[in-house]
Amino acid sequence: MTAVKIPEQCQTMTEVRAGVDQVDRELVALLVRRFGYMDAAARIKSDRGTVRDEVRKAEVLDNVAREAEAAGLVSERLRAVWNELVEQSIAYEAVQWDRLRADG
């Protein structure tokens, strides 16, 4: 197996796809870590009503938009991706919160 090339070194679509697949594997690993923090939040929060925190959600989306702009990306595209990520995180945390209280 050959090493994955950085985007600027890719000469074929096979190389591009190998790079995208590698990034996807890395993203999944990061999402596993992120959702681990949702597990921790579900364990720590004593009130289910605090699982959804619109102020914190707005802060996360604003942070991502700033980081995207600083990196030269279209901030609204990443904001849309992160909005979905945060919504899925909230849903996951709510399920975990309920599960932890049902088992205890």
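Valine 20 sits between buried and exposed: with a relative accessible area of 42%, Val20 counts as partly exposed. You'll find Val20 in helix 1, which covers residues 13–44. Keep in mind that this is a predicted model. From here, let's look at the surface patch, the salt bridges and two pockets.

**A nonpolar patch on the surface**

- Val20 teams up with Met13 and Val16 to make a nonpolar patch on the surface.
- That patch comes to about 240 Å².
- Why can Val20 belong to a patch like this? Patch members need over 30% relative accessible area, and Val20 qualifies on that count because its value is 42%.

**Salt bridges**

- How many salt bridges turn up when the whole structure is searched? The search finds 9.
- One of them pairs glutamate 15 with lysine 5, and their closest N and O atoms are 2.8 Å apart.
- This pair ties together distant parts of the chain: Glu15 belongs to helix 1, while Lys5 is in the segment before helix 1, 10 residues apart.
- Lys5 is partly exposed, at 34% relative accessible area.
- Another salt bridge brings together the side chains of glutamate 54 and arginine 52, at 2.6 Å from N to O.
- Both partners are partly exposed: Glu54 has 44% relative accessibility, and Arg52 has a relative accessible area of 38%.

**A bridge inside helix 2, and a network**

- Arginine 56 and glutamate 59 form a salt bridge too, with 3.5 Å between the closest N and O atoms.
- Where do these two sit? Both are in helix 2 (residues 54–70), and they are 3 residues apart, which is about one turn of the helix.
- Are Arg56 and Glu59 buried or partly exposed? Arg56 is partly exposed at 41%, and Glu59 is partly exposed at 40%.
- There's also a network here: Arg52, Glu54, Lys57 and Glu87 are joined into one by salt bridges that share partners.

**The largest pocket**

- The largest pocket has a volume of about 360 Å³.
- Its lining is made of 15 residues, and those nearest the centre are Arg34, Met38, Arg56, Val60 and Val86.
- Which elements give two or more residues to this lining? They are helix 1, helix 2 and helix 3 (75–103).
- Helix 3 gives the most, with 5 residues.
- Sorted by class, the lining holds 8 nonpolar, 1 polar and 6 charged residues.
- Arg56 does double duty: Arg56 is in a salt bridge with Glu59, and Arg56 is also among the lining residues nearest the centre of the largest pocket.

**The second largest pocket**

- The second largest pocket has a volume of about 280 Å³.
- Its lining includes Leu27, Leu30, Leu31, Tyr37 and Trp82.
- Helix 1 and helix 3 are the elements that give two or more residues to the lining of this pocket.
- Here helix 1 gives the most, with 6 residues.
- By class, this lining has 7 nonpolar and 2 charged residues, and no polar ones.
- The charged pair is Arg33 and Arg34, because arginine counts as charged and these are the arginines in the lining.
- Arg34 shows up in both pockets: Arg34 helps to line the second largest pocket and is among the residues nearest the centre of the largest pocket.

How values were computed
Residues numbered from 1 in each chain as written. Predicted model: local features only at pLDDT ≥ 70, side-chain atom pairs only at ≥ 80, totals over all residues. Heavy atoms only, no water. Patch = residues over 30% accessible without salt bridge, like charges linked within 9 Å, V, L, I, M, F, W, Y side chains within 5 Å. Areas by Shrake-Rupley, 256 points an atom, 1.4 Å probe, with all protein chains shown as cover. Salt bridge = Lys/Arg side-chain N within 4 Å of Asp/Glu carboxyl O. Helix = DSSP H or I, 4+ residues; strand = E, 2+ residues; numbered from the N terminus. Buried < 20%, exposed > 50% of the residue type's maximum accessible area, 1.4 Å probe, protein only. 1 Å grid on protein atoms, 1.4 Å probe; cavity = no way out; pocket = protein on both sides within 12 Å on 5 of 7 lines; lining within 4 Å. Points joined across faces, edges and corners; volume = space filled by probe spheres on them.
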